[in-house]
Amino acid sequence: MSLAELSRIRAKIRQDLINNGTDVNLNDVDLYGDGDQSLLPAGDKVRQQVYRDLYASGGDVPYMMEQLQMTEFSHFAQCCISGHVEGVRECIENADTDAARPSQALVQLLEKRETTQRLSPLLMILSIGRSFFGLQGNRSLEAKQLEVVKLLLKYGARPDARDVCGKTVCHYGMGAIVTGMALKGAGFCVEAHKSSHLFGREVELHSLKNEELNGVRGVCRGYVVDTGRRAVYLLEKKETVGIKPIHLKLAGPQSTTDTDRPKLVDMQDRIGGVPLLETYMGGQADVADILLEEHHASIDIADVDGFSPRSMAMQRGAGFMTPVAKLINKHAVKRDRAEKKKNEATCSNCSKTGTSLSVCSKCQSTQYCCKECHVTHWRSGGHKEECPKLSREKQEIVVLERPPPDVKNTFQSTFQLGGGKFTSQPVAHASATFHKPSHVAVGEQFYIKIQAEGPTAPLLIYDKSREFRTSVEPSTPGFDALRNKVKSDPTSNGRKTYMKCSFDEQGRCTIYLGTRSAKTW
């Protein structure tokens, strides 16, 4: 392949990016950063597929590797991909001219984006390096590549760099296509990311056994994989020491923390996908197990179309179809039980647990082990101000109007009376089953079950007798409020919940959002 042919390929990829929502001008000027990372629109399957295909194909990388033998890569990139440890070290040491703070030359070396994929050196190792000239599985090469990963992190390479599709090292190393080297290298980056927000910034040492160092300030440098420490250049002593990140905090007026930064394993690409979702789609059960067990990846981060690992795994029958779905289901139950235990009945004032706690009669939200705690919490615990707000939340309602007689029920998976099993037969007319059950009076509250099938599917609502049955479409007012209540019910893994409702004389159904219950029948 000639350079002219490569230029044509790159021009086509660039035009595809332009046509599908990427600001290539921003990418052109951001040579050492992530460039345009805007999310793609929900529901736009054509655009989404363009980026999936670009990620899967590698853009211009295969042509650069196979036809041009890497000559279009920079010298530093070639050294990184091929595991040339000494070559990488020499380039870094030539750029690292300031002992105190990372030099501009060093940062640019570590973060320069190359190829149409806009890969940083770290991303290149875990993407291109994992299949370097068909030598995947070559233990000697992989060991050298991992040494390069360590070296890059030691000098401050960003573990959270993203390519043009929004992919991180975890998408490449812990996604649908994985090698041992990429998986281990991504693991290094996950740990480095936890304190990467400190890189290049002034920090203060604290809570050290060596009390003489507590309060001392320095500049945080790179992450040392083998020790789990950050290099810190002490400004007064003019020397570099290794400090565990738990003993470092931003110094002076810098109040920014990383509390709202997602874990590296939970960072989304431009379609909103996380690595765990890719393991589900690719059937990588061993990788999913590592994400869930070792890195505690979230199962509830949804892509732009509303699909999360949990919702995908909990589709009807999914748990019996794929090992990844079984793993996600297992962790969903485990985590929900832990959350439920954490939230079990405790006194709102003294935190004592128990089963015979009294409830505030006004808001019905706070609980107390004794009258003294109730009074104390009201007077000095903030409940006097909080109670009215909680009371209003309890009064939130959704009103469903009786459908016209000619409207058909569009919910295709309705329950079969008596058997409690799904049938594909829809209710002929929505109004036929939208009525007060015969055993309750007008205005009397009774429990209904609200069931959610998927992020864009209608909600199925029915009472215990199944006399009252209806569906709520996504376009119906109140759909989002009801679905959010279902999703936030940990006892059913976000699939169903119970609430009270009542019917008025006009046949309207009022659902009381503040009456959600874990189980009634």
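Is Lys 449 buried or exposed? I began my notes on this predicted model with that one. Lys 449 is buried, since its relative accessible area is 9% and the cut-off for buried is under 20%.

**Entry: around Lys 449**

I looked up where Lys 449 belongs, and found it in strand E11. Next I checked its side chain, which is joined to the side chain of Tyr 498 by a polar contact of 3.5 Å. Then I listed what else Lys 449 touches, skipping neighbours within four places in sequence. Leu 460, Ile 461 and Tyr 462 are on that list, and so are Lys 496, Thr 497, Tyr 498 and Trp 521.

**Entry: aromatic rings**

I stayed with strand E11 and turned to ring pairs. For any such pair I noted two things, the distance of the centres and the angle of the planes. The count of aromatic pairs comes to five. In one of them, Phe 446 and Phe 503 have ring centres 6.3 Å apart and planes at 5°, so I wrote this pair down as stacked. Planes have to be under 30 degrees apart for that label.

Where do Phe 446 and Phe 503 sit in the chain? Phe 446 is in strand E11, residues 446-452, and Phe 503 is in strand E14, residues 496-503. The two are 57 residues apart, so to speak distant parts of the chain that the pair links. I checked burial for both rings: Phe 446 has 7% relative accessibility and counts as buried, and Phe 503 counts as buried at 3%.

Phe 503 turned up again with another partner. Phe 468 and Phe 503 form an edge-to-face pair, with 5.1 Å from centre to centre and 90° between the planes. This pair also links distant parts of the chain, 35 residues apart. Phe 468 lies in the loop between strand E12 (459-463) and strand E13 (469-472), while Phe 503 is in strand E14. Phe 468 is buried, with a relative accessible area of 0%. I also noted that ring pairs link Phe 434, Phe 446, Phe 468 and Phe 503 into a cluster.

One more ring went into this entry. The charged end of Lys 167 sits over the ring of Tyr 55, 4.3 Å from the ring centre.

**Entry: nonpolar cores**

Which residues have the most contacts inside the largest nonpolar core? I found Phe 73, Val 88, Ile 92 and Leu 152 named there, in a core of 81 residues. Helix H11, residues 180-193, gives this core its largest share, seven residues.

I picked Val 88 for a closer look. Leaving aside neighbours within four places in sequence, Val 88 is in contact with Phe 76, Cys 79, Cys 80, Val 148, Leu 151 and Leu 152. Apart from the largest core lies another, of 21 residues. Phe 446 is among its members, as are Ile 448, Ala 452 and Leu 459.

**Entry: positive phi**

Last, I looked at two backbone angles. Arg 118 is not a glycine, yet it has a positive phi of about 55°. I placed Arg 118 in the loop between helix H7 (104-111) and helix H8 (121-127). Arg 118 is buried too, with a relative accessible area of 8%.

Where does His 296 lie? I found His 296 in the loop between helix H13 (285-293) and helix H14 (309-313). His 296 has a positive phi of about 50°, although it is not a glycine.

Conventions:
Residues numbered from 1 in each chain as written. Predicted model: local features only at pLDDT ≥ 70, side-chain atom pairs only at ≥ 80, totals over all residues. Heavy atoms only, no water. Phe/Tyr/Trp six-rings, centres within 6.5 Å; stacked < 30°, edge-to-face > 60°. Helix = DSSP H or I, 4+ residues; strand = E, 2+ residues; numbered from the N terminus. Buried < 20%, exposed > 50% of the residue type's maximum accessible area, 1.4 Å probe, protein only. Lys NZ or Arg CZ within 6 Å of the ring centre and 35° of its normal. Core = buried A, V, L, I, M, F, W, Y, C linked by side-chain atoms within 4.5 Å. Contact = heavy atoms within 4.5 Å. Polar contact = N/O pair within 3.5 Å; in protein donor to acceptor, adjacent residues only side chain to side chain.
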